[in-house]
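Okay, thanks everyone. I'd like to spend a couple of minutes on charged pairs, and then on one histidine. Have a look at this first.

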Amino acid sequence: MRILQRFVPGLVVSAMAVLLSTPGPATAADEATAGNGATYYISLGDSLASGYQPDVDKDTRLAYTDRLYAQLKQRDPGLKHIRLGCTGETTESLIKGGTCRYPGATSQLDAALKAMARHHGKVAYVTLSVGANDIQACVTPAGTLDGTCLSNASRTMGRNLARITGALHQAGTTNTQFSGSTYYNPFLATWLLGDAGQKAAKESAPLIKEGDKAIAQVYGATGFKVADVAGAFSSDDFGTLVDMPGVGKVPANVAKICQLTWACTPKKDPHPNADGHKVIASAFAATLSMKSAAPGRNANPGADASPSPVPASDTGANRPTANGDLAETGASSSTPLIAGAGLAVVVAGTAAVYFGRRRRTAGQS
C-alpha cells in the first residue's frame, strides 16, 4: 500500500475528484412498446457503463454497454436498450439516488426494478459495473488513501453490491441473464515510471486479483455471471514481453493497459478508451447465452458474434435513457446480503483510481 501511495498520486488525483452532475430526464418511448413483443437489455453502472471519455470530458456512445447492445441486437432485432449508467455513481447512490435523476424513480436501482416490473418476463439481459467510486471520500488532500476510511468503505461497498445484485436477480425471471464485471488494473501504468514504478505495478497485481475474486464471489452468490474484464486486459501477464512503440519491451499486461485506457497518456486517466470498451463488451458477451437472447424466440446461433460498429457521437452530460420508458409501478426489492471481507483489497487497489473524473456542468467553475 505504501508503494502504491507513493507512486500513483498523479493518477489518483486526476481520477478521484468526482463532481456530481444532474443530467436531464430520461427519454420516454411510446407506450405501445410495452405490448409489442419487444425484449429488453438493462445496463446499470457508473462512468464505465455511461461511456465517459476524458478527451471530451463527456459521456459518449462508445460505452461497452452500447457495443454489447449492438451485438445482442444482431441476435434479436426487437431488443431495446434501457441505458441507466450514471457517471459518478457509487454503490450507495445507485441504491438511494442523488447522482443522476430518473423520472418516476428514486434511484438507478429503483429505475431498473421498475423497468423490470413493467417488462416482466421480457428482460433478457441485465449488466452491472459499479463500486469504484465508493472510496472517493477516502482520498486525502495529498492523494493518498486513508486506511481506516478504506476499511469502512469496503464493508459498505460489499453490502451494497450484494444488495443491488440480489434485488436485481429477484426481480428477474428464468429468461433473464445477469452479468457483472471484475476490474482491470490501471496501476500497471506505473511500470513506465522506472524501477520503483515497476515494483509498484507488480505489488498491485495480487491486490487486484484478490479483490476481483471477492467481487466474483458476491456475483456468484446472487445469481450473476462474471464478465472477466481483468482477464480480457491480461492483467496478470507479466511474463509475456511485447514491443511498445517509444518505450521498448514491456509486459503484455502493461502494454494492454496503455493500449486500452487513457492511463499512459498525458491525461493519466484510467477510463477505457474506444478499444478498451470493445474488449469489455466482448468480456460481457462471453458470459451471455445467445440462445436465450429473446425470451420466447429462437435465436440464430450462426450469426456473427463480433460487436457491431457504434457511432462515436458525444451525448454531452450523462442522460440515462429508457427505450420503453420507466414503469410507474413496482417496488424496490432489497434483501441485503453480506459480502466477503476480501472486497477490501479492491479499495486498496484498482478502485482507488477508477472512473471518478471531475465533471463540470454549466455555471460551475
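So, let's start with K278 and D275, whose side chains form a salt bridge, 4.0 Å from N to O. Keep in mind that this is a predicted model. Both residues sit in helix α11, three residues apart, which is about one turn of the helix. How exposed are they? K278 is partly exposed, at 39% relative accessibility, and D275 is partly exposed too, at 37%.

Now, a network: R61, D66 and R83 are joined into one by salt bridges that share partners. Take one of those links, R83 to D66, at 2.8 Å, N to O. R83 is in strand β4, residues 79-83, and D66 is in helix α4, residues 64-75, so this salt bridge ties together parts 17 residues apart in sequence. R83 comes out at 2% relative accessibility, so we call it buried. D66 is buried as well, with 7%.

Then there's D110 with K114, another salt bridge, where the closest N and O atoms are 3.3 Å apart. These two are four residues apart in helix α6, residues 108-118, so about one helical turn separates them. Both D110 and K114 are buried. For the whole structure, the salt bridge count is six.

Last one, back in helix α11, which spans residues 274-285: H277. Is H277 buried or exposed? Its relative accessibility is 0%, so buried. And what does H277 touch, leaving out residues up to four places away in sequence? The list is L48, G51, Q53, L62, A63, Y64, R67 and P272.

Okay, over to you.

Key:
Residues are numbered from 1 along each chain as its sequence is written. This is a predicted model: local features need pLDDT of at least 70, side-chain atom pairs count only at pLDDT 80 or more; totals for chains, interfaces and linings use all residues. Side-chain values use heavy atoms; hydrogens and water are left out. Buried means under 20% relative accessible area, exposed over 50%, partly exposed in between (1.4 Å probe, protein chains only). Contact means heavy atoms within 4.5 Å.
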